[in-house]
Amino acid sequence: MVLGAAASDLYFTSAYFAIRAPRVPGTKTRGPIRVHKALAWVHGPGMILTPILGAMAYSQESKGQKVHGIAAAHGPVAIATAGAFGAALLSVSLKF
């Protein structure tokens with residue numbers, strides 16, 4: 001749990017720095033950075049929803065219930081989040 005909390009704190013700190021970084025007036029975002037920023041709109045909410053849905057699913061499962069409701073979306077949300085993160089990483093790592 002401590003490792004997960006530390007990873008989350010470091011991730012959100014990095015995201016905060018990226019979002020709040022000063023912009024150079026008059027510059028336009030283009031190329032891979034546009035793709036990266038677009039994928040952030042999928043990855044960002046996913047990073048918030050995945051642990052919440054996981055906690056809900058764990059709670060339901062530990063009570064002997066079948067995972068139901070929105071908690072059942074934990075797996076697909078985690079996969080979409082990881083896919084968006086990987087694609088965002090590749091968009092700024094590979095030249096195209």
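**Exercise 1. Find the contacts of S91 beyond its sequence neighbours, then place the residue in the fold and classify its accessibility.**

Solution. Once the residues within four places in sequence are set aside, the contacts of S91 in this predicted model are P32, V35, H36 and F96. The next step is to locate the residue itself: S91 belongs to helix α3, which covers residues 74–93. The last step is the classification: the relative accessibility of S91 is 4%, and because buried means under 20% relative accessible area, S91 counts as buried.

**Exercise 2. Determine where R23 lies, whether R23 is buried or exposed, and which residues R23 touches.**

Solution. Begin with the position along the chain: R23 sits in the loop that runs between α1 (2–20) and α2 (32–62). Next comes the accessibility, where the relative accessible area of R23 is 52%, so the residue is exposed, given that the exposed class requires over 50%. When residues up to four places away in sequence are not counted, R23 touches A18 and K37. A distance can be added to this picture, since R23 and A38 are 15 residues apart along the chain and their C-alpha atoms are separated by 17 Å.

**Exercise 3. Identify which backbone oxygens lie by the side chain of R23, and at what distances.**

Solution. Take the two backbone oxygens in turn. The backbone oxygen of I19 is reached by the side chain of R23 at 3.4 Å. For A21, the backbone oxygen lies 3.1 Å from a polar atom of the R23 side chain.

**Exercise 4. List the residues of the nonpolar surface patch, name the element that supplies the largest share, and examine I70.**

Solution. The patch on the surface is formed by F12, I48, I52, M56 and I70, which together have about 450 Å² of accessible area. Sorting the members by element shows that α2 provides the largest share of the nonpolar patch, namely three residues. I70, for its part, is found in the loop between α2 and α3, and with a relative accessibility of 55% I70 counts as exposed.

**Exercise 5. State whether Q60 is buried or exposed, and give its helix and its contacts.**

Solution. First, the helix that contains Q60 is α2. Second, the relative accessible area of Q60 is 12%, and therefore Q60 is buried, as the value falls under the 20% limit. Third, leaving out residues up to four places away in sequence, Q60 touches Q65, K66, V67, H68 and A71.

Definitions and conventions:
Residues numbered from 1 in each chain as written. Predicted model: local features only at pLDDT ≥ 70, side-chain atom pairs only at ≥ 80, totals over all residues. Heavy atoms only, no water. Helix = DSSP H or I, 4+ residues; strand = E, 2+ residues; numbered from the N terminus. Buried < 20%, exposed > 50% of the residue type's maximum accessible area, 1.4 Å probe, protein only. Contact = heavy atoms within 4.5 Å. Polar contact = N/O pair within 3.5 Å; in protein donor to acceptor, adjacent residues only side chain to side chain. Patch = residues over 30% accessible without salt bridge, like charges linked within 9 Å, V, L, I, M, F, W, Y side chains within 5 Å. Areas by Shrake-Rupley, 256 points an atom, 1.4 Å probe, with all protein chains shown as cover. Salt bridge = Lys/Arg side-chain N within 4 Å of Asp/Glu carboxyl O.
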